[in-house]
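I opened my notebook to get to know one protein chain, one small look-up at a time. Here is what I had on the screen.

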Amino acid sequence: MPYAICRVAKIKTAQAGAAKTAHNYRQRETPNADTERKPLNREYINTAERNYWELATERIQEAGAKIRPDSVRGVEVLLTASPEAFKRQADGSPHDWHGSQWAEANIAFLKGKFGEQNVVSCTLHQDELTPHFHAVVVPLTADGRLSAKDVFNPKTLRALQTEYAEAMKPFGMERGSSTAAPNTRSCATSTGPRSGAGASWPR
């Protein structure tokens, strides 16, 4: 059975935000992406393809949260599955997953988990081997504080793994076994295996 895969990474600086924006919207060369399939990529929220750091800052200000000099303003969340989850068409060509129940379930999961207003971008990449989502989440707590360590920590990341795998069950995916605690410095984690199919971070 395919594994559901969920990983997160902090966006710590304006430079990192700009780099991720440029990468995810293919504003710079991406060697492992198929340029012919670029039109199949979709942005569901940030349709103007604005800079992530600016979007996160606006959301934080809107919420009235305090920003410290070292505050993590955004966290990139990657959602995908091991390659066998994505069946190809009879002629061997990939499906277009935009508008599919799988795509809609991923978007709904992000908004339900983190709050619709806190998900400032959500991009479906289909120009690589395995379809995947890159979303940017502003780590605001329920009481309106900006705190990545409260929203993304070992306990909440384990819960995120379990909840995402549960949301993907209708699509024949399952949660991998957790063999190690998540790395809170990078906030990197996965519901899939630590190595092998589906273990690498798609671009």
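**Entry 1: a word I need.** I call a residue buried when its relative accessible area is under 20%, and exposed when that area is over 50%. I also remind myself that this is a predicted model.

**Entry 2: the whole chain.** I looked up the elements and found 5 helices and 5 strands. Following the sequence, I wrote down the pattern β-α-β-α-β-α-β-β-α-α. Of the 203 residues, 48% are buried. I then took the contacts between residues at least 6 apart in sequence, and 75% of these join residues at least 24 apart. The accessible surface of the chain is about 10,100 Å², and carbon and sulfur atoms account for 49% of that surface.

**Entry 3: helix H2.** I picked H2, residues 52–63, and checked its length. Its 12 residues at 1.5 Å each should span 16 Å, and the end C-alpha atoms lie 17 Å apart, so the two agree. Which residues of H2 are buried? My list reads Tyr 52, Trp 53, Leu 55, Ala 56, Thr 57, Arg 59 and Ile 60. Their cover includes strand S1 (4–11), helix H1 (14–24), strand S4 (119–125) and strand S5 (132–137).

**Entry 4: the two ends of H2.** At the start, I found a side-chain oxygen of Asn 51 within 2.8 Å of the backbone nitrogen of Trp 53. Just after the helix, Gly 64 has a positive phi of about 75 degrees.

**Entry 5: one residue up close.** I zoomed in on Thr 57, which sits in H2. Is Thr 57 buried or exposed? Its relative accessibility is 14%, so Thr 57 counts as buried. Leaving out residues up to four places away in sequence, I saw that Thr 57 touches Ile 67 and Arg 73.

**Entry 6: the sheet.** The 5 strands form an open sheet, ordered S1-S3-S5-S4-S2, with antiparallel pairing. Why do S1 and strand S2 (42–43) each have one side without a neighbour in the sheet? They stand at the edges, and each has a single partner strand, so one side stays free of a neighbour in the sheet. Further in my notes, S4 and S5 pair in the antiparallel sense over 6 bridges, and Cys 122 stands opposite Ala 135 in S5.

**Entry 7: helices on the sheet.** My helix from Entry 3, H2, packs on the sheet and touches S1, S4 and S5. The direction of H2 makes about 150 degrees with that of S4. Helix H5 (residues 154–168) also packs on the sheet, touching S1 and strand S3 (74–81). For H5 and S1, I noted an angle of about 140 degrees between their directions.

Technical notes. Residues numbered from 1 in each chain as written. Predicted model: local features only at pLDDT ≥ 70, side-chain atom pairs only at ≥ 80, totals over all residues. Heavy atoms only, no water. Helix = DSSP H or I, 4+ residues; strand = E, 2+ residues; numbered from the N terminus. Buried < 20%, exposed > 50% of the residue type's maximum accessible area, 1.4 Å probe, protein only. Contact = heavy atoms within 4.5 Å. Areas by Shrake-Rupley, 256 points an atom, 1.4 Å probe, with all protein chains shown as cover. Expected span 1.5 Å × (residues − 1). Polar contact = N/O pair within 3.5 Å; in protein donor to acceptor, adjacent residues only side chain to side chain. Pairing = 2+ DSSP bridges. Axes fitted to C-alpha atoms, helices over the stretch in contact; angles between N-to-C directions.
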